[in-house]
Amino acid sequence: MIRSYLPALVFVVLGSGVGIAFAVLNGLLGRKRAVAAKSDPYECGLPSDVQNGFRFGISFYLIAMLFILFDIEVLFLYPVAIQLEAFGVFALVETIIFVVLLMVAFVYVWRRGALEWK
Amino acid sequence: MNAILAATVKTPDIDWGALGPLIALTVGACVVLMTGLLRSPAARTNLVPALATLTLIVAGALAIGQWDSNADVLEEALRMDNLALAMTVLFCFAGVLTVALSLRDLAPRDAGHGEYYALLLVAVMGMVVLASAQNLVTVFLGFEVLSIPLYVLCATHLSSEGSLESGLKYLIIGSVGSACLLYGLALLYGATGATDFDAIAQAVGGGEIRGDVLFLSALALILTGLAFKASVAPFHQWTPDVYEGAPTPVTAFMAVATKAAALAIIVRLFDVAVVGAVDDWAPAMAALAVITMLVGNVGAIGQSSVKRMLAYSSVAQAGYMLVGVIVSTRLGVQALTFYLVAYVLMNMAAFAVIVARERETGLGDDISALRGLGAERPTLAWPITIAMLALAGFPATMGFWGKIYLIDAAVDNGWAWLGVAIVLGSSLSLVYYLRVVAAVWMPSLESSVAVAARPAGARPIMAGASPEADDVADTRAGAVPAGGDTPTASTARGTHEERTDADIGDGRDPSGRDRAADRDHVGRDHRHVHQPEVVLVAVACAAAVLLLGVFPDPLFDVARDVGEAFGNFD
């Protein structure tokens, strides 16, 4: 049983070994130039060093989260759509239940003002 | 039309009747959530709890209606046998009582009534799924549907720092438990090649995988994950903090319903799916049970907060109830069922009294809030006395029969030493249960002096003047000796004071407990809050504990029905 995990073990050891080697070698061999842009994590997004009183809009996260939520939920409708005839009435009932539950969530989010940009 | 499009998919056969309780709870949760959005405050504060209660009653009635049908539902993902149905009724009952306790609470007002009661209903739904799960996937689904609403419910008292802390702690520690459980379920699937309990039982019964490392790790991880939820030591550390910080109605619900759900799935998983490997897991679980009894009972002794005390007590009770799983016999399942019902009633009576006193005294859940209750409020004093005696296992209460039943099951299958452990644990528990009873019935020194010296309501002339009297009061409150000793006790003190300040607008008073004790004596009569539903819950639960303690036969019959429909014992 343990033997069958050998490939996984080799993978873990090699993976961490190579990763650590690159990180260490980079620090040892690479040239060091101080450029402001190098300390930024990406070209976009929040600055990496925020001050104490720094504020960011929670609305953005809320909208993004809701988008993902409803976006992914709709994804579940695709398999049903492809095999609609094979499923028959069952698919109709299931889809209606699913959409009604989504609607409840949507109405809730809407009425509680989560869709308003503040 | 090609072959793929022509193929008819075999759709699952859905037994809508057997799913009735779950459907009722889902619909109810949606309706409650929508009702909570109405503009009229009256609709939110009155209609929402009413709808929640109605939902729970309907779900419970639908469960009772299919008693003895023992149906496999949704391709055997769920099994609505008598155990699942009894648990469903129990969860709905606990839910109704929780709604009653929450009616005047600050937590639903803070978090929104619709959200609060919808979360409660979803948590009940998760418990029903968990208690009837017959498939590893359903187990995890139920586990999460039960847990996530509870994490939020713990933090619903938004203006109290203790409540937020409690929710965060529960979320983090609960996630660790979920992760352990999920890992264990995955390994169990890897070891047996099945997610269905019956198929797992067959694979385990075959005997090839007994002693297999993968299989044993799976059992250990699953037990760990479920032990977090049932607060079995050494995975109980979150319990006192979370119970103390959460709004008390939520604490009551968590203490009784979560524990019942966790034990129901433990018994189903271990006594059905992997019962073939009982020799492998029973000794480990027995060790856990004894540690749990010891840790719970010893931990409860030093607590001055009644909620913390009940948290440790619930840890100890989980230890007793595990015995019903370990013996893995029909009798064990019956004893567990009986004990769970008793446990719900006993704890609900106790928590209702704490809720009432929290609102009346402004002392929070400190034991001093119960002092002198016997003389002033017999309708609260008797329920908590009965609850404490029943939890300790006194005769003529349900707790007594529950323990007898468990010990009987233990001795019957050669686990006599576990029976001895239950007895020893119960005798240890008398220390802290009787301390509450003493606080309720024994008049404190100052108040007896004061009663003699003053007309009611005036400030007692002796209080604060006599150092001896204050010392006595301190010892009786139990706060001072414990206060400086342990870090947990001091954090408890901190959160307690914060909550007191947050809740009680008129009592903003950082100078601590001496003043609090004064306020207790002076202010008690002024803060008589009208809350008949809380008193009713306390009295009804205590009456049921007594009644079913004297005439336990109907509940014995129910337990027998549950046991006979359960599992495949010889």
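Trainee: What pattern does chain A follow when read along the sequence?

Mentor: In this predicted model, the secondary structure of chain A comes to 5 helices and 0 strands. Read along the sequence, the pattern is therefore α-α-α-α-α.

Trainee: Where in chain A is confidence highest?

Mentor: Chain A averages a pLDDT of 81, and 82% of its residues score at least 70. Helix H4 (residues 84-87) of chain A has the lowest confidence, with a mean of 79. The highest confidence, at 90, belongs to helix H1 (residues 6-29) of chain A.

Trainee: What distance separates the end C-alpha atoms of H5(A)?

Mentor: H5(A) has 23 residues, which at 1.5 Å a residue should span 33 Å. The model agrees with that expectation, for the end C-alpha atoms of H5(A) are separated by 33 Å.

Trainee: Which residue just after H5(A) takes a positive phi?

Mentor: Helix H5 of chain A covers residues 89-111. Just after H5(A), a phi of about 80 degrees is found at Gly113(A).

Trainee: Is Glu116(A) buried or exposed?

Mentor: Glu116(A) lies in the segment after helix H5 (89-111) of chain A. Its C-alpha is 9.1 Å from that of Ile63(A), although the two are 53 residues apart in sequence. A residue with 12 or fewer C-beta neighbours within 10 Å is exposed. Glu116(A) has 10 such neighbours, so the residue counts as exposed.

Trainee: How many of the residues of chain B count as buried, as a percentage?

Mentor: Chain A has 118 residues, of which 0% count as buried. Chain B has 26 helices and 2 strands. Of the 570 residues of chain B, the buried share is 58%.

Trainee: Where in chain B does pLDDT stay under 50?

Mentor: Chain B averages a pLDDT of 85, and 83% of its residues score at least 70. One stretch stays under 50, and for that stretch the model has 90 contacts beyond four places in sequence. The stretch is residues 449-526 of chain B.

Trainee: What ipTM does the predictor give the complex?

Mentor: The predictor gives two values for the complex. The pTM is 0.81, and the ipTM is 0.74.

Trainee: Which helices are included in what covers the buried residues of H13(B)?

Mentor: Helix H13 (residues 278-301) of chain B has 24 residues and reaches 34 Å from its first C-alpha to its last, close to the 34 Å expected. Its buried residues include Trp281(B), Met285(B), Leu288(B) and Met293(B). What covers the buried residues of H13(B) includes helices H10, H12, H14 and H19 of chain B.

Trainee: Are H4(B) and H15(B) roughly parallel or roughly antiparallel to each other?

Mentor: The axes of helix H4 (residues 82-102) of chain B and helix H15 (residues 330-361) of chain B come within 11 Å and cross at roughly 5 degrees. Angles under 35 degrees count as roughly parallel. H4(B) and H15(B) are therefore roughly parallel.

Trainee: How many residues of the contact of H4(B) with H15(B) are nonpolar?

Mentor: Residues of H4(B), including Leu83(B), Ala86(B) and Leu90(B), meet residues of H15(B), among them Thr337(B), Leu340(B) and Val341(B). The residues of this contact include 1 polar and no charged, and the number of nonpolar ones is 12.

Trainee: Is Pro49(B) buried or exposed?

Mentor: Pro49(B) lies in helix H3 (residues 41-65) of chain B. Not counting residues up to four places away in sequence, Pro49(B) touches Val99(B), Leu103(B) and Tyr117(B). A residue is buried if 20 or more other C-beta atoms lie within 10 Å of its own. Pro49(B) has 21 such neighbours, so the residue counts as buried.

Trainee: Which peptide bond is cis, with omega near 0 degrees?

Mentor: The proline of this bond lies in the loop between H10 and helix H11 (238-245) of chain B. The cis bond runs from Ala233(B) to Pro234(B).

Trainee: Where is the place of Leu74(B)?

Mentor: Leu74(B) has a positive phi of about 50 degrees although this residue is not a glycine. With 17 other C-beta atoms within 10 Å, Leu74(B) is partly exposed. Its place is in the loop between strand E1 (71-73) and strand E2 (78-80) of chain B.

Notes: Residues numbered from 1 in each chain as written. Chains lettered and ligands numbered in written order. Predicted model: local features only at pLDDT ≥ 70, side-chain atom pairs only at ≥ 80, totals over all residues. pLDDT = per-residue confidence, 0-100. Contact = placed C-beta atoms within 7 Å. Helix = DSSP H or I, 4+ residues; strand = E, 2+ residues; numbered from the N terminus. Expected span 1.5 Å × (residues − 1). Axes fitted to C-alpha atoms, helices over the stretch in contact; angles between N-to-C directions. Parallel < 35°, antiparallel > 145°, perpendicular 65-115°, else oblique. Nonpolar A, V, L, I, M, F, W, Y, C, P; charged D, E, K, R; others polar.
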